[in-house]
Amino acid sequence: MNEAWGTVVALAGEQATIRIDETGCGRCRQPGGCGGSQAARLFCHTPRTFSVPNPDGRQVGERVQIVLAGGSLGRSALHAYVQPLLALLGGAFAGSAIAGEAGAIGGAIAGLSLGWLLLRRAQMRWRKEQGLQPSIRS
């Protein structure tokens, strides 16, 4: 399971908006830490917030632990990075075989577009699966 700590910043019906307190693994100042927290602050100035179900009735200002089901983060990364890249390369190779350099460019654009559409489809499907949504640990 992937876990992160956050603070409840707003309530809307059965949903709670959680602001994640820290980015990275938390080992930034320890030996062997990568410094990801400092890099995240450079490139992302707005705090990360998520809307999650609030079955326990947590209140604004309360510190909570958010969890993701094991494997969901890896599967999401695979679909977000690998699938569009493979579609782009496949389109480029197919286009190159058909029409040379111009075909490779057109095929790459078509493949990347197909990869993006497949990613959007997977995202819509996963929104409905409760096991893949972040939740507040009880």
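In the predicted model, residues 24 or more positions apart account for 71% of those contacts in the protein chain that have a separation of 6 or more. The chain contains two helices and five strands, and these elements follow the order β-β-α-β-β-α-β from the N terminus. Of the 138 residues in the protein chain, 25% are buried. The accessible surface of the chain amounts to about 9,200 Å², and carbon and sulfur atoms contribute 62% of this area.

Confidence in the prediction was examined next. The average pLDDT of the protein chain is 81, with 78% of the residues scoring at least 70. The two helices mark the extremes of confidence: helix 1, comprising residues 36-43, has the lowest mean, at 55, whereas helix 2 has the highest, at 91. Where pLDDT is low, predicted coordinates should not be read in detail.

A nonpolar patch was identified on the surface. Leu-78, Tyr-81, Val-82 and Leu-86 make up this patch, and together they present about 440 Å² of accessible area. One of these residues, Tyr-81, is located in helix 2, the element that spans residues 72-127 and in which confidence is highest. Tyr-81 is classed as exposed because its relative accessibility of 63% lies above the cut-off of 50%.

How values were computed: Residues are numbered from 1 along each chain as its sequence is written. This is a predicted model: local features need pLDDT of at least 70, side-chain atom pairs count only at pLDDT 80 or more; totals for chains, interfaces and linings use all residues. Side-chain values use heavy atoms; hydrogens and water are left out. Patches are made of residues with over 30% relative accessible area and no salt bridge: like charges are joined within 9 Å, nonpolar side chains (Val, Leu, Ile, Met, Phe, Trp, Tyr) within 5 Å. Accessible areas come from the Shrake-Rupley method with a 1.4 Å probe; for residues, only the protein chains shown count as cover. A salt bridge is a side-chain nitrogen of Lys or Arg within 4 Å of a carboxyl oxygen of Asp or Glu. Helices (H or I, at least four residues) and strands (E, at least two) are DSSP runs, numbered from the N terminus. Buried means under 20% relative accessible area, exposed over 50%, partly exposed in between (1.4 Å probe, protein chains only). Contact means heavy atoms within 4.5 Å. pLDDT is the predictor's confidence in each residue, from 0 to 100.
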